[in-house]
Structure formats: C-alpha cells, structure tokens
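Visitor: Could you walk me through this protein in plain words? I'd like to start with its overall plan.

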Amino acid sequence: MGEQEAERKGQCLCGKVHFKLKLQSAAVHVCHCNLCRKHHGGPSITASCVANSVQIDSKDHALKWYQSSEWAERGFCGECGTNMFCKLLGDEPMYYGVSAALLDRQDDLFTEEHIFVDKKPHYYKFEDDCKKLTEAQFLAQFS
Ligand SMILES: [Zn+2]
Ligand SMILES: [Zn+2]
C-alpha cells in the first residue's frame, strides 16, 4: 500500500465486457454473506477499486446491473454470467468492488480479511490467519 497502483485490465469469461481500473490496494477480501454466496455460488473474493478509475467497455450492452439490496448493486455479464462488480449505489460510490479472478495481474494480490463470517455455512472452511469479521463488526466500521 502507499505506492500508486498501476492500472489493471480484466474481462468476463466470454470477453464481451472489458474493463480498466485502479485498485485501492492489492488486498482482497472474502465475503461469506448470503447475497454473495447466491450470486457467486460460493464466497466472493473481491478487490476494492478507485471508483472514478473504472472504465467499462461492454459490447452489445452485455453488462447488466442487478440491485441486490437497498444500498448496493451487482454487475454481471448477461452473455456468460460472470459476476464482475459489486458497488454501492450512486455516481461516486464509496465502495466499488471487482472480482479478483477477473484481473489480468493477480500475482501481488493477498487476502486481507474475511467478512460476514457469521453467515458462512458449515460445508466449507478457510484455514488462514487473516482477520475475520462478523456482519456486525464489519458494518460497525461504517457507522
Ligand atoms: Zn461475458
Ligand atoms: Zn457479500
């Protein structure tokens, strides 16, 4: 962290949706909330973008946005179904996440924390020393 992040590129599985963006840092977080698990088929592994750096090139309007809660929406490719973005609503969202798996450079990424760990089902587990936050602990950071 501290160092200026270089621009990264990425795309969905079928290639109709391309993007360029800058990350806040190389840290990714793993979210175990019900919404992420339904949308991703498992926990989401996401990096935080600099919101105004995100440039999306979507062929045939392939990128779709689904408002998954009162405060957030999720972007996915309508052609191949890749789950790409999750952001707070609004023009300059305070949070704009991108699925880490889509980035062209991943070698420097590292898991910083697990969130919504109290929502994690029993059938999978991660054995690491990263910070683990419950929903209440996570949301308390923003209040
Ligand atoms: Zn696609
Ligand atoms: Zn989540």
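Visitor: In what order do the elements of the protein run, from the N terminus on?
Guide: Helices (H or I, at least four residues) and strands (E, at least two) are DSSP runs, numbered from the N terminus. There are two helices and 11 strands to place. Going from the N terminus, the order is β-β-β-α-β-β-β-β-β-β-β-β-α.

Visitor: And what kind of model is this?
Guide: On naming, residues are numbered from 1 along each chain as its sequence is written, while chains are lettered from A and ligands numbered from 1 in the order in which they are written. Local features need pLDDT of at least 70, side-chain atom pairs count only at pLDDT 80 or more, and totals for chains, interfaces and linings use all residues, as this is a predicted model.

Visitor: What radius of gyration does the protein have?
Guide: That value is taken over C-alpha atoms, and the globule rule to hold it against is 2.2 Å times the number of residues to the power 0.38. Along the principal axes, the C-alpha atoms fill a box of roughly 40 × 35 × 30 Å. With 143 residues, the rule gives a radius near 15 Å for a compact globule, and the protein agrees, with 15 Å.

Visitor: What percentage of the residues count as buried?
Guide: Here you count other C-beta atoms (placed from the backbone) within 10 Å of a residue's own: 20 or more is buried, 12 or fewer is exposed, and in between is partly exposed. Of the 143 residues, the buried share is 28%.

Visitor: How are neighbouring strands turned in the open sheet of eight strands, on average?
Guide: Two strands pair if DSSP finds at least two bridges between them. This open sheet has mixed pairing and the order 6-7-8-9-4-3-10-11. Its edge strands, strand 6 and strand 11 (131–133), each pair on one side only. Using lines fitted to C-alpha atoms as axes (over the stretch in contact for helices; angles between N-to-C directions run from 0 to 180 degrees), the average turn between neighbours, direction ignored, is 30 degrees.

Visitor: Which are the edge strands of the open sheet of three strands?
Guide: This sheet has antiparallel pairing and the order 1-2-5. Pairing on one side only marks the edges, so to speak: strand 1 and strand 5 (55–58).

Visitor: Which residue in the turn of the hairpin has a positive phi?
Guide: The hairpin joins strand 1 and strand 2, which pair in the antiparallel sense over four bridges. Across that pairing, Q11 stands opposite H18 of strand 2. Five residues lie between the two strands, and the one with a phi of about 90 degrees is G15.

Visitor: Which side chains of strand 1 point to the buried face?
Guide: Side chains alternate along residues 8–11. K9 and Q11 point to one face and are not buried, leaving the other face, with its buried residues, to R8 and G10.

Visitor: Is D60 buried or exposed?
Guide: D60 lies in the loop between strand 5 and strand 6 (63–67). Most residues other than glycine have a negative phi. D60 is not a glycine, yet its phi is positive, about 55 degrees. Because it has 9 C-beta neighbours inside 10 Å, D60 counts as exposed.

Visitor: Which residues of the largest nonpolar core touch the most other members?
Guide: A nonpolar core is a set of buried Ala, Val, Leu, Ile, Met, Phe, Trp, Tyr and Cys residues joined through C-beta atoms within 7 Å. This one has 17 residues, and those touching the most others are V17, C49, C77, M84 and V98.

Visitor: Which residues does a second, separate core include?
Guide: This core has seven residues. Among them are C31, C33, C36 and F116.

Visitor: What is the bridge partner of A47 in strand 9?
Guide: Strand 4 and strand 9 pair in the antiparallel sense over three bridges. The partner is buried, with 23 other C-beta atoms within 10 Å. Leaving aside neighbours within four places in sequence, its contacts (C-beta atoms, placed from the backbone, within 7 Å) include C49, M84 and F85. The bridge partner of A47 is V98.

Key. Contact = placed C-beta atoms within 7 Å.
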